[in-house]
Amino acid sequence: MKNLNQVKLELETASNLMIGAGAVMKLAGSYSRKEYQEQILPTMKPPNLKIDGFSGLMSWDHAYLVTLWKQNKKNFQNLPLSLQPQYEKLLLAYKMMASSHRKICSKFGGGEVGGSVKHPTKNALLALEKIVQARWQMI
């Protein structure tokens with residue numbers, strides 16, 4: 001395992017990123033359906049994005065974080081007690097972020113076929129739940 005101070009910093013950084021992502025989703029979820037459709041949804045589609053099918057999976061920081069989780073899955077199970085507070089914060093941050101994502105998805109039609117920005121022919125809530133469970137297994 002890396003230097004414990006480095007692992008502590010990485011756990012704290014990952015937690016803070018998820019807390020921030022969850023806060024942004026919570027803020028977006030406070031909009032009305034009309035405001036969401038007119039102001040937020042267009043930012044996730046062309047011409048505001050170069051490709052169709054927006055997803056957090058497209059961002060480098062998300063991809064890197066998931067790669068780190070995959071690489072460290074076994075390490076999460078064997079963390080020293082001194083890193084337990086940071087690990088617990090990571091778990092809580094993930095739960096908060098996933099909950100915020102579910103709420104915004106649910107509020108703005110993600111429970112219906114056609115509600116997914118990435119896969120318009122799928123039920124976004126069902127797809128999101130599979131992703132949430134897979135990520136939870138990593139951490």
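Colleague: What makes a pair of side chains a salt bridge?

Modeller: A salt bridge is a side-chain nitrogen of Lys or Arg within 4 Å of a carboxyl oxygen of Asp or Glu. Please keep in mind that this is a predicted model.

Colleague: Thanks! Why is Lys34 with Glu38 called a salt bridge?

Modeller: The closest N and O atoms of Lys34 and Glu38 are 3.4 Å apart. The cut-off is 4 Å, so the pair qualifies. Both residues sit in helix 2, which covers residues 33–40, and they are 4 residues apart, about one turn of the helix.

Colleague: Is Lys34 buried or exposed, and how do you know that?

Modeller: Lys34 has a relative accessibility of 56%. Exposed means over 50%, so Lys34 counts as exposed.

Colleague: How many salt bridges does the structure hold?

Modeller: There are 2 salt bridges in the structure. One of them is Arg102 with Glu129, where the closest N and O atoms are 2.8 Å apart. That value is within 4 Å, so this pair qualifies too.

Colleague: What does the pair of Arg102 and Glu129 tie together?

Modeller: Arg102 belongs to helix 5 (residues 84–107) and Glu129 to helix 6 (residues 124–138), so the pair ties together parts that are 27 residues apart in sequence.

Colleague: Why are Arg102 and Glu129 called partly exposed?

Modeller: Arg102 stands at 27% relative accessibility, and Glu129 at 28%. Partly exposed runs between 20% and 50%, so Arg102 counts as partly exposed, and so does Glu129.

Colleague: Let's turn to the helices. How do helix 5 and helix 6 pack, and what makes that arrangement parallel or antiparallel?

Modeller: Helix 5 and helix 6 pack at an angle of about 175 degrees, with their axes 10 Å apart. Angles over 145 degrees count as roughly antiparallel, so helix 5 is roughly antiparallel to helix 6. On the helix 5 side, the contact includes Leu91, Tyr94, Ala98 and Arg102. Helix 6 contributes residues including Leu128, Glu129, Ile131 and Val132. The residues of this contact divide into 10 nonpolar, 2 polar and 4 charged.

Colleague: And helix 1 with helix 5: which way do they run, and how do you know that?

Modeller: Helix 1 (residues 4–29) packs with helix 5 at an angle of about 20 degrees, and their axes are 8 Å apart. Angles under 35 degrees count as roughly parallel, so helix 1 is roughly parallel to helix 5. The crossing of helix 1 past helix 5 is left-handed. The residues of the contact of helix 1 with helix 5 comprise 15 nonpolar, 7 polar and 5 charged.

Colleague: Where does Tyr94 lie, and is Tyr94 buried or exposed?

Modeller: Tyr94 lies in helix 5. Tyr94 has a relative accessibility of 4%, and buried means under 20%, so Tyr94 counts as buried.

Colleague: Which residues are in contact with Tyr94, leaving aside neighbours within four places in sequence?

Modeller: Leaving those neighbours aside, the contacts of Tyr94 include Met18, Trp69, Ile131, Val132 and Trp136. Tyr94 and Leu17 are 77 residues apart in sequence, while their C-alpha atoms are 9.6 Å apart in space.

Colleague: Finally, what does the chain look like as a whole?

Modeller: The chain has 6 helices and 0 strands. Its C-alpha atoms fill a box of roughly 50 × 25 × 25 Å along the principal axes. Of the 139 residues in the chain, 32% are buried. Among contacts between residues at least 6 apart in sequence, 68% join residues at least 24 apart.

Methods. Residues numbered from 1 in each chain as written. Predicted model: local features only at pLDDT ≥ 70, side-chain atom pairs only at ≥ 80, totals over all residues. Heavy atoms only, no water. Helix = DSSP H or I, 4+ residues; strand = E, 2+ residues; numbered from the N terminus. Buried < 20%, exposed > 50% of the residue type's maximum accessible area, 1.4 Å probe, protein only. Axes fitted to C-alpha atoms, helices over the stretch in contact; angles between N-to-C directions. Parallel < 35°, antiparallel > 145°, perpendicular 65-115°, else oblique. Left-handed = near helix turned anticlockwise from the far one by under 90°. Nonpolar A, V, L, I, M, F, W, Y, C, P; charged D, E, K, R; others polar. Contact = heavy atoms within 4.5 Å.
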